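Colleague: Could you choose one part of this model, look at it closely, and then place it within the rest of the chain? I would like to know which details I can read with care.

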Amino acid sequence: MLSAIPLFSSSAPEPADRGFDACGAPDGGADPFDSLLARLRQEAAPFSALWEMTHACNLDCVMCYNAPLAEPELSTAEGLELLEQLAAAGVLRLTLSGGEILSRRDFFTLAARARALGFALTLKTNGTLITEPAADRLAALDPVQVDISLLGATEATFDAVAGSRNTLARVLRGVRLLQARGVRVKLNTLLLSLNVAERQQMVDLAQELGVVYEQVLKVSADDHGRDRAGQRQLSRQQMTAVYQADQTPFQPAARGASSRTCQVGLSSCVISPYGEVYPCIELRISAGNIRRQPFGEIWRTAPVLHELRARHTYGNLPECQVCPINGYCQGRCSGLAWKAHGDLYGADPTACRQAQARYEQQHPGQTAPQTPLQARAAYQATALPLPATGRRQPIQLLAA
Ligand code: SF4
Ligand code: SF4
């Protein structure tokens, strides 16, 4: 499963979307659906849930952040009970994700029950296991959308990212089988140093296929804190080049103390293969486990959810509030800040680099200022040993 910040999108641009409902920052609007969402968020009603059904997968992608545990994943009976509890709590939109959903033998049993309970279903799959019979059964679920990763425009690149063989051909077969059955497919590309050279080819391929398409930036460490894709993330210069090639209009945002960075904790959550309920895909602080407590009770009472609902605004983010380029920051993620340095209210290092890249694209020839996080890191890296007086030598903090 991917987790990312959008760069290119064939649909209307959104502020920040990691493929999860809560990542965007809009607080409603003229659209009746947006207004409904805004009301649900105000009331902290659980509109949307993403269930990571399994961590098993037939691929070995370099950016995968799944971290399987030694304990058993939810059984079929536990999964069916979870679905009942989500429906009873009022969840309307359900995303089934992995790992690879089709590697769960009981996937269609669980998905059929989810459909019968009336959820609007989104399915996230790597697409390589979609045969004709599987495509028939997926189409019969009548999903709102099936999300599939496009990780390269050539077989060699796709295989290098996915750690497998003939991946592109298998993914394209899956896409076409679904399209032939009238299923809406969305392709997502995580841009890495491994595939960024094929960026335009992937745009062209998606257009040729006639699918909705989005390119995103990689950002995540796994649940054990290992950053498998860290070395393959785009450099700031590569990000700037991607922005320069991208035609999506950009306006720096005005951010006040009460602006939320995202909608985490308000109307959506994630359930892990082991039944842990998390505020979102990146923020792996458990709110409770459905093996020990009903979902509805976790949603209403978990302290971490209350904390996020009440305090997740710029006024409580000391570094981001004073950041000289916070208007250029599109994807600050508390989960990534927490993974990077254990501070839920700190800055997100990938978002900092992305904001600098966006600044430099908007101001050709200028170097972006450092963010407070970067200035602090630079200070710590260059700080001289403490002299006998216990006072540090003065150092220029914001020397951009
Ligand atoms: S904390 Fe990160 S992943 Fe979670 S909703 Fe916010 S932006 Fe999205
Ligand atoms: S400090 Fe980094 S994460 Fe925070 S607003 Fe600035 S660029 Fe964004």
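**A close look at one residue**

Modeller: C329 counts as buried because 25 other C-beta atoms lie within 10 Å of its own, the cut-offs being 20 or more for buried, 12 or fewer for exposed and anything in between for partly exposed, with C-beta atoms placed from the backbone. This is a predicted model, in which local features need a pLDDT of at least 70 and side-chain atom pairs count only at 80 or more, while totals for chains, interfaces and linings use all residues. Residues are numbered from 1 along each chain as its sequence is written, and chains are lettered from A and ligands numbered from 1 in the order in which they are written.

C329 sits in the loop between α11 and α12 (334–341); helices (H or I, at least four residues) and strands (E, at least two) are DSSP runs, numbered from the N terminus. Leaving aside residues up to four places away in sequence, C329 touches C323, A351 and A355, where a contact means that the two C-beta atoms, placed from the backbone, lie within 7 Å. The C-alpha atoms of C329 and Y359 are separated by 8.9 Å, although their positions lie 30 residues apart along the chain.

The same cysteine belongs to the surroundings of ligand 2, where 15 residues form the shell and C320, C323, C329, A347 and C352 are the closest; a residue is near a molecule if its C-beta atom, placed from the backbone, lies within 6 Å of it. The elements that give two or more residues to this shell are α11 (318–321), α13 (349–362) and α14 (372–382), and α13 gives the most, with 3 residues. By residue class the shell around ligand 2 holds 10 nonpolar, 2 polar and 3 charged residues, with Ala, Val, Leu, Ile, Met, Phe, Trp, Tyr, Cys and Pro counted as nonpolar, Asp, Glu, Lys and Arg as charged, and the others, Gly among them, as polar.

Ligand 1 can be described in the same terms: 14 residues surround it, and A22, C23, C262, C280 and C333 come nearest. Its shell divides into 10 nonpolar, 2 polar and 2 charged residues. C280 appears again in the largest nonpolar core, a set of 97 residues in which A49, L94, L178, V185, V277 and C280 touch the most other members; such a core joins buried Ala, Val, Leu, Ile, Met, Phe, Trp, Tyr and Cys residues through C-beta atoms within 7 Å. Beyond four places in sequence, the contacts of V277 include C269, I271, F295 and I298.

L178 leads from that core to helix α6, whose buried residues are T167, L168, R170, V171, G174, V175, L177 and L178. These buried residues pack against α4 (132–140), β5 (145–149), α5 (155–162), β6 (185–191) and α7 (199–209). The 14 residues of α6 (167–180) should span 20 Å at 1.5 Å a residue, and the end C-alpha atoms are 20 Å apart, so the two agree; the expected span is 1.5 Å times one less than the number of residues. Just after α6, G182 takes a positive phi of about 80°.

For contrast with the buried cysteine, D142 in the loop between α4 and β5 counts as exposed because it has 11 C-beta neighbours inside 10 Å, and D142 has a positive phi of about 50° although it is not a glycine. A44, in the loop between α1 (32–42) and β2 (48–52), also has a positive phi of about 50° without being a glycine, and its 15 C-beta neighbours inside 10 Å are why A44 counts as partly exposed.

Taken as a whole, the protein chain has 14 helices and 10 strands, and buried residues make up 46% of its 400 residues. Among its contacts with a separation of 6 or more, 71% join residues 24 or more positions apart.

As to what can be read with care, the chain averages a pLDDT (the predictor's confidence in each residue, from 0 to 100) of 87, and 86% of the residues score at least 70. Over residues 387–400 the pLDDT is below 50, and this stretch has 15 contacts in the model beyond near neighbours in sequence. Residues 1–5 also stay under 50, with 29 contacts beyond four places in sequence. Where pLDDT is low, the predicted coordinates should not be read in detail.
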